[in-house]
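Here are some short exercises to work through with the model open beside you. Try each task before reading its solution.

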Amino acid sequence: MRIACSTAAFCRSPLEEAVCGVRELGFAEADLLVIEGWVHVNPTDLVNDWDGTTARLDALLQENGVRPIALNAGLSVLLHDRSAEACEQRRREVAALARFAGLYGVAVSGVQPSLTGLDGRPAEQVFRDSVASLQEMAAIAEPAGLTLALECHVRSAFESLPDALRLLDEAPWLSVAYDPSHFAMSGVDLRETLPLLERAAHVHLRDAAPGRMQVHLGEGAVDFDWLLGSLRDQGYAGDVSIEYLESDEMDVADDIRGLRDLVASALE
């Protein structure tokens with residue numbers, strides 16, 4: 001098991017500062033955000049400017065002695081958009097993402113569900129259209145050696161535990177990027193999320209509290225003793241990313257290092 005630093009720790013900073021920052025925090029391995037319109041690499045750039053985008057990243061990684069071991073992706077089209085144009089663009093971006101992962105031997109990419117475009121559409125339709133898109137995406141990525149793992153994010157079609165658990169039943173082929181912070185901030189007892197943990201291809205970690213997506217390590221509701229013990233008991237073979245977010249409200253450097261050490265002592 002490897003422990004990566006997510007470049008979310010530098011989500012308000014450009015790619016150059018993010019890669020350097022990962023190294024300065026004492027990590028050699030990164031979970032790279034590839035989320036359209038946010039940071040740090042746009043999937044559309046992989047489609048439209050492959051050579052320029054990859055050359056820039058390669059230079060930064062080599063300069064800093066950092067390598068990606070996971071990706072966290074968000075595409076330019078809504079997951080539940082089933083128009084012909086959206087489906088074609090989605091196919092292009094997933095193919096580019098799989099090719100990008102292959103450059104670095106990355107086997108797992110988190111997938112961010114759509115957090116917008118939900119208003120006014122029947123929830124059942126959003127759910128089913130999202131599942132259809134995820135199945136098409138997996139059919140592209142898996143033959144290329146990339147597992148796509150959905151994160152059940154707050155404000156998405158899968159934010160509630162019942163919907164997340166239903167997803168496991170209706171999409172038995174789907175892997176999960178397990179992030180307890182989204183459930184902790186919603187007041188869910190993490191023990192109820194065990195079925196999600198058992199389907200995890202990757203794990204994202206930070207402490208969180210009801211109504212707060214992140215708090216300092218030890219001040220929140222994430223039961224790391226239970227969580228890490230459950231991973232150990234089930235023989236979890238994947239990797240872990242420390243995914244605190246850069247924030248004006250709190251310095252997260254010590255939390256990132258502290259959580260890395262806690263995970264290492266429990267699982268390695």
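**Exercise 1.** Find the angle at which helix H1 and helix H3 pack, and classify their arrangement.

*Solution.* Start with the two elements: H1 covers residues 15–24 and H3 covers residues 50–64. In this predicted model, their axes are 9 Å apart and the packing angle is about 25°. Angles under 35 degrees count as roughly parallel, so H1 is roughly parallel to H3. The handedness of this crossing is right-handed. Next, list the side that each helix brings to the contact: H1 supplies Leu15, Glu16, Val19, Cys20 and Arg23, while H3 supplies Arg56, Leu57, Leu60, Leu61 and Asn64. Sorted by class, the contact of H1 with H3 has 6 nonpolar, 1 polar and 3 charged residues.

**Exercise 2.** Work out which residues of H3 and H4 meet, and how they divide by class.

*Solution.* First the geometry: the axes of H3 and H4 are 12 Å apart, and the helices pack at an angle of about 35°. H3 passes H4 in a right-handed crossing. Now the residues: from H3 come Trp50, Thr54 and Leu57, and they meet Ala96, Arg99, Phe100 and Leu103 of H4. The contact of H3 with H4 divides into 5 nonpolar, 1 polar and 1 charged.

**Exercise 3.** Count the aromatic pairs in the structure, then classify the pair formed by tryptophan 50 and phenylalanine 100.

*Solution.* The structure holds 3 aromatic pairs. For tryptophan 50 and phenylalanine 100, take the ring centres, which are 6.4 Å apart, and then the ring planes, which stand at 90°. Rings pair if their centres lie within 6.5 Å, and planes over 60 degrees apart count as edge-to-face; this pair is therefore edge-to-face. Finally, place the partners in the chain: tryptophan 50 belongs to helix H3 and phenylalanine 100 to helix H4 (residues 84–103), so the pair links distant parts of the chain, 50 residues apart.

**Exercise 4.** Decide how H4 and H5 are oriented to each other, and name the residues of their contact.

*Solution.* H5 spans residues 123–141, and its axis comes within 9 Å of the axis of H4, crossing at roughly 40°. The two helices are therefore oblique to each other. Their crossing is right-handed. On the H4 side, the contact is made by Cys87, Arg90, Arg91, Val94, Ala95 and Ala98; on the H5 side, by Ser133, Glu136, Met137, Ile140 and Ala141. By class, the contact of H4 with H5 has 7 nonpolar, 1 polar and 3 charged residues.

**Exercise 5.** Trace the strands of the barrel, then look at one strand pair and one helix that lies across the strands.

*Solution.* The strands run E1-E2-E3-E4-E5-E6-E7-E8 in a closed barrel of 8 strands, with parallel pairing. From one strand to the next, the twist averages 30°. Zoom in on strand E3 (residues 67–74) and strand E4 (residues 108–111): they run parallel and are joined by 3 bridges. Asparagine 72 has glycine 110 in E4 as its bridge partner. Then turn to helix H10 (residues 253–267), which lies across strand E1 (3–6), strand E7 (200–205) and strand E8 (239–242). H10 runs at about 160° to E8.

**Exercise 6.** Locate the cis peptide bond and the positive phi of arginine 155.

*Solution.* The cis peptide bond joins valine 39 and histidine 40, with omega about -10°. Histidine 40 sits in the loop between strand E2 (29–35) and helix H2 (43–48). Arginine 155 is not a glycine, yet its phi is positive, about 70°. Look for arginine 155 in the loop between strand E5 (147–150) and helix H6 (161–170).

Technical notes
Residues numbered from 1 in each chain as written. Predicted model: local features only at pLDDT ≥ 70, side-chain atom pairs only at ≥ 80, totals over all residues. Heavy atoms only, no water. Pairing = 2+ DSSP bridges. Helix = DSSP H or I, 4+ residues; strand = E, 2+ residues; numbered from the N terminus. Axes fitted to C-alpha atoms, helices over the stretch in contact; angles between N-to-C directions. Contact = heavy atoms within 4.5 Å. Parallel < 35°, antiparallel > 145°, perpendicular 65-115°, else oblique. Left-handed = near helix turned anticlockwise from the far one by under 90°. Nonpolar A, V, L, I, M, F, W, Y, C, P; charged D, E, K, R; others polar. Phe/Tyr/Trp six-rings, centres within 6.5 Å; stacked < 30°, edge-to-face > 60°.
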